[in-house]
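User: I am new to this structure and should like to understand the terms used to describe it. Please explain the reasoning behind each one.

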Amino acid sequence: MQHFDAIIIGTGQAGPALAARLSGAGMKIAIIERKSFGGTCVNTGCIPTKTLVASAYAARMARRAADFGVRLQGDVSVDMKAVKARKDAVSGKSRTGVEQWMRGLKSCTVYTGHARFRSAREVAVGDEVLRAEKIFINVGGRATVPSMPGLDRIPYLTNSSIMDVDFLPEHLVVVGGSYIGLEFAQMYRRFGSAVTVIEMAPRLIAREDEDVSAAVTDILQREGIDIHLAAECIRVDRHGNGVSVGIDCAGGPPQVTGSHLLLAVGRRPNTDDLGLECAGVALDKRGYIQVDDQLRTNVSGIWALGDCNGRGAFTHTSYNDYEIVADNLFNADHRRVSDRIQAYALYTDPPLGRCGMTDAEIGKSGRPALVAKYPMSRVSRAFEKGETQGFIKITVDAETKQILGAAILGTGGDEVIHVLLDIMYARAPYTVIQRAMHIHPTVAEYLPTVLSKLEPLPTAPK
């Protein structure tokens, strides 16, 4: 049996940074990785998908070259093998970097294999048993595969397996109209596939405000993506060399056929084969590890960070989990999960940057609020770039003047949103932005203009 001060299970966004912090504090640590260093973000999430999004954007701009006075000879074509090779190179560099970082840490032993708890202080990896007083779980999640008649008889793709695709699907059918599904839908449409999106809810990205959902739907439909809403998938089957999806919806055909099927209906935690019952670690009904506001499990000495704890589903929330745990261990900072403000992006083109509460959440809270909305078509930077789709929307507390939430759907929205997010963390009134001098021409310079148009927030929809 090997003894350590701490054991870290998983090398996603929280694990490696925490390992470096513990190593720097002079602790003897073990870090365990089952398969690919870097977790979801590096291997099947942020880094490879945003690399693919960049290739799709390049294809789109090449087709629009004449709009900018640029003449290209011949049709624009996409070499999917080259697209995949670029994605693999970018992702591979990050994966290798994480592994080299971990193997180079002082007093850190790297184990490769599947970890399983034997007790609250012991973890087995293959034939070896490791023991430590502190154990940190950072095992991430994976795609949910829904129970659907016929699915066991046909091939299908998930966000992980589609990373291996080096060809152009003739017609990609995407089941799931939320963040992952829409990013893949748009990128493959831009690569040249016919694309159909099937969504059970009455609108796309249903957690967003209705105007955001409607605008994203319009953007995708303008690019030729077929969208079926309020469509319950009731069966799947083979259709020649492709697939057919039987749907039950208010309108449209009862069947959608395509060459390939992508399932993008959610994520589930990788907690079902860790032996957590041997350690006494409690899970909720969805399989997520239950943690308190400082990410401690119900078992003293065991923490859960990242997607497996159900307290966030993004790379940045996972890394923030590391920051919370590390500061509470070493700085007595008493940082809490509840202190962070919801923030994320949808990486369609144009992107959606989102922070804080939605209009519906604000309305349900009962607090008096003001809202301002401004079209991107009136933002000079967007007009100059020829990317005028979308809008800026900001909601503030009518009494405190603090920003409650914002959505920026438009060019640069995933970056500009941080101006508002930082003001929110500072608990400063929105008027601070109006006193700032911003650079021209940018999207951010229009935030004071937007905030000058505040008016009462309409009653939130039921």
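User: What is the bridge partner of V174 in β14?

Analyst: In this predicted model, V174 is bridged to L262 of β14.

User: How do you know that strand β8 and β14 pair?

Analyst: Pairing requires at least two bridges between the strands. Strand β8 (residues 171–175) is joined to β14 by four bridges, and the two strands run parallel. The criterion is therefore met.

User: Which sheet holds these strands, and what is its order?

Analyst: It is an open sheet of four strands, ordered β10-β9-β8-β14, with parallel pairing. From one strand to the next the twist averages 20°.

User: What makes β10 and β14 edge strands?

Analyst: β10 (226–228) and β14 (260–263) each have a single partner strand, so one side of each has no neighbour in the sheet.

User: Which helix packs on this sheet, and which strands does the helix touch?

Analyst: Helix α5 (residues 179–191) packs there, touching β8, β9 (194–198) and β14. The direction of α5 makes about 165° with that of β9. Angles over 145 degrees count as roughly antiparallel, so α5 and β9 fall in that class.

User: What is the order of the sheet that contains β12, and how is it paired?

Analyst: That open sheet has three strands in the order β11-β12-β13, and its pairing is antiparallel. Here β11 (232–239) and β13 (255–258) stand at the edges, because each has a single partner strand and one side without a neighbour in the sheet. The twist averages 20° from one strand to the next.

User: How do you know that β11 pairs with β12?

Analyst: At least two bridges are needed, and β11 and strand β12 (residues 242–248) are linked by seven bridges in the antiparallel sense. One of the residues concerned is D237, whose bridge partner in β12 is S244.

User: Why are α1 and α4 called roughly parallel?

Analyst: Helix α1 (residues 15–24) and helix α4 (residues 80–103) pack at about 25°, with their axes 10 Å apart. Angles under 35 degrees count as roughly parallel, and the pair is therefore given that description. Their crossing is left-handed.

User: Which residues make the contact between α1 and α4, and what is their character?

Analyst: From α1 come P16, A17, A19 and A20, and from α4 come V98, W101 and M102. Seven of the contact residues are nonpolar, with no polar and no charged residues.

User: Why is α1 also described as roughly parallel to α8?

Analyst: The angle between α1 and helix α8 (residues 315–330) is about 20°, and their axes lie 9 Å apart. With the limit set at under 35 degrees, α1 is therefore roughly parallel to α8. In this case the crossing is right-handed.

User: Which residues meet where α1 packs against α8?

Analyst: A17, L18, R21 and L22 of α1 meet Y319, Y322, V325, A326, D327, L329 and F330 of α8. By class, the contact has nine nonpolar, no polar and two charged residues.

User: Why is D284 called partly exposed?

Analyst: Buried means under 20% relative accessible area and exposed means over 50%. D284 has a value of 24%, so the residue is partly exposed.

User: Where does D284 lie, and what separates its C-alpha atom from that of G310?

Analyst: D284 is in the loop between α7 (276–279) and β16 (302–304). Its C-alpha atom and that of G310 are separated by 9.2 Å, the two residues being 26 residues apart along the chain.

Key:
Residues numbered from 1 in each chain as written. Predicted model: local features only at pLDDT ≥ 70, side-chain atom pairs only at ≥ 80, totals over all residues. Heavy atoms only, no water. Buried < 20%, exposed > 50% of the residue type's maximum accessible area, 1.4 Å probe, protein only. Axes fitted to C-alpha atoms, helices over the stretch in contact; angles between N-to-C directions. Parallel < 35°, antiparallel > 145°, perpendicular 65-115°, else oblique. Left-handed = near helix turned anticlockwise from the far one by under 90°. Contact = heavy atoms within 4.5 Å. Nonpolar A, V, L, I, M, F, W, Y, C, P; charged D, E, K, R; others polar.
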